[in-house]
Amino acid sequence: MDKFNQPIDAAAVPRFAGSTTFMRLPLAPSAAGLDIALVGIPWDGGTTNRAGARHGPREVRSQSTLMRRVHHVSGLEPFSIAQIADVGDVSVNPIDLHDALKRIENGLSEIIAHGSIPLCVGGDHLTTLPVLRAVACRNAVGMIHFDAHSDTNDTYFGNNPFTHGTPFRRAVEEGLLDPKRVVQIGIRGSIYDPGEHDWAREQGMRIVYMEEVVRRGVEDVMAEARQIAGNGPTYVSFDIDCIDPCMAPGTGTPEIGGFTTREAQQMVRLLDGVTIVGADVVEVAPPFDIGGITALAGATILFELTCLAAKQVSKSRTATVPGSAGAPR
Ligand SMILES: [Mn+2]
């Protein structure tokens, strides 16, 4: 018998059959006993234009049934070295923004209290703010952020401070992010004002525009990203709109000139060694998707993140001497 939760055996129940959970793992009633909790955040009340990311978790679950057990490059078997499950969706409120943010934070705090690493599937990018409120409740964290947009705007439509274009400004203001340990990769597209990214840079955040990635290459940029994040606790936020809309059209704010899905996989693999305290894949908006390709990209990035987190968990476990205080995760 396996020590850890296993995906439903595809030789016993074909992958198009049965209920759809993330990676075909068991649906757990809570994060108790889990090293890694896969959690859906079906909420897009922060979306300023094309809504639909509330449907993301369900479609990513569906496409994640295509994932298998072994990472073909590293040979890693995430489900054999860490206890992982789908813990379902956090409770949301589709018609009350402030209540929704509170519910998401509460849901994530519960996962953190069990000592599990949360891997979240949004939802729009505002969902990352309440996730960070839970993850960084004691100390500010660093962040490696893949996106077409900086998401550090101030207000929108009057004085509204909470939209999917503002989460990281709020997170810095609230002391959740250490801006000097934040790097944003793949930023591009037209902006509202010439100085739109000045605030982020003034805080010490590093913005790597898409043009710079093209010039330097993914490996060089990721080496810098790992250096910026350092050894401290780091959150990874993956906005699916960092990928070019020809490969990920199902998103609210598409920008051409983006990453290929292959580059996205390569970048996430190059996070190996970063101390990941939580991660998300956000902004998959199925109503704009074609044949599920964006949800498939999201599910595959989630698998890559799951492999990284599982490796980290397994390493920290073997580093722990029985009877000792235990190695930090
Ligand atoms: Mn974003």
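## A quick tour, starting at Thr127

Thr127 is buried, with 33 other C-beta atoms within 10 Å. Keep in mind that everything here comes from a predicted model. Thr127 sits in the loop between β3 and α4, and that loop is a handy place to begin a walk around the chain. From there we'll zoom out to the whole fold, then look at some helices and a few unusual backbone spots.

**Around Thr127**

- Which residues does Thr127 touch, not counting those up to four places away in sequence? They are Ile41, Trp43, Ile104, Gly122 and Val282.
- Thr127 and Asp280 are 153 residues apart along the chain, yet their C-alpha atoms are separated by 9.4 Å.
- Gly123 is in the loop between β3 and α4 too, and a cis peptide bond joins Gly122 to Gly123, with omega at about 15°.
- So Gly122 turns up twice: as a contact of Thr127, and as a partner in that cis bond.

**The whole chain**

- The chain has 10 helices and 8 strands.
- Its C-alpha atoms fill a box of roughly 60 × 45 × 40 Å along the principal axes.
- How does the radius of gyration fit with a compact globule? For 329 residues such a globule would come out near 20 Å, and the chain has 18 Å, which agrees.
- Buried residues make up 51% of the 329 residues.
- Take the contacts with a separation of 6 or more: 77% of them are between residues 24 or more positions apart.

**Val141 in strand β4**

- Val141 belongs to strand β4, which covers residues 141-146.
- Is Val141 buried or exposed? It has 23 other C-beta atoms within 10 Å, and the cut-off for buried is 20 or more, so Val141 counts as buried.
- Leave out its neighbours within four places in sequence, and Val141 is in contact with Val135, Ala136, Leu177, Asp178, Pro233, Thr234, Tyr235 and Val277.
- Thr166 is 25 residues from Val141 along the chain, and the C-alpha atoms of the two are separated by 18 Å.

**Helix α1, mostly covered**

- Helix α1 runs over residues 56-64, and 7 of its 9 residues are buried.
- The buried ones are Gly56, Pro57, Glu59, Val60, Arg61, Gln63 and Ser64.
- What covers these buried residues? The cover includes the strands β1 (36-41), β2 (84-89) and β3 (117-122), along with helix α10 (293-318).

**Two helix pairs**

- Helix α3 (residues 97-113) packs against helix α4 (residues 128-135) at an angle of about 40°, with the axes 8 Å apart.
- Because of that angle, α3 and α4 are oblique to each other, and their crossing is right-handed.
- On the α3 side, the contact is made by Leu101, Ile104, Glu105, Leu108, Ser109 and Ile112. On the α4 side, the residues are Leu129, Pro130, Val131, Arg133, Ala134 and Val135.
- Sorted by class, the α3 and α4 contact has 9 nonpolar, 1 polar and 2 charged residues.
- You've met two of these already: Ile104 touches Thr127, and Val135 is in contact with Val141.
- A handy bit of background: an α-helix has 3.6 residues a turn, so residues three or four places apart point the same way.
- Now the other pair: the axes of helix α9 (residues 261-269) and α10 come within 9 Å and cross at roughly 20°.
- That angle makes α9 roughly parallel to α10, and this crossing is right-handed.
- From α9, the contact uses Thr261, Ala264, Gln265, Val268 and Arg269. From α10, Ala297, Thr300, Ile301, Glu304 and Leu305 take part.
- The α9 and α10 contact splits into 5 nonpolar, 3 polar and 2 charged residues.

**Positive phi outside glycine**

- Asp151 isn't a glycine, but it has a positive phi of about 55°.
- You'll find Asp151 in the loop between β4 and α5 (167-173), and it counts as buried, with 28 C-beta neighbours inside 10 Å.
- Glu283 is another residue other than glycine with a positive phi, near 70°.
- Where is Glu283? Look in the loop between β8 (276-282) and α10.
- Glu283 counts as buried, because it has 32 C-beta neighbours inside 10 Å.

Note on methods. Residues numbered from 1 in each chain as written. Predicted model: local features only at pLDDT ≥ 70, side-chain atom pairs only at ≥ 80, totals over all residues. Helix = DSSP H or I, 4+ residues; strand = E, 2+ residues; numbered from the N terminus. Rg over C-alpha atoms; globule rule 2.2 N^0.38 Å. Buried ≥ 20, exposed ≤ 12 C-beta atoms within 10 Å, placed from the backbone. Contact = placed C-beta atoms within 7 Å. Axes fitted to C-alpha atoms, helices over the stretch in contact; angles between N-to-C directions. Parallel < 35°, antiparallel > 145°, perpendicular 65-115°, else oblique. Left-handed = near helix turned anticlockwise from the far one by under 90°. Nonpolar A, V, L, I, M, F, W, Y, C, P; charged D, E, K, R; others polar.
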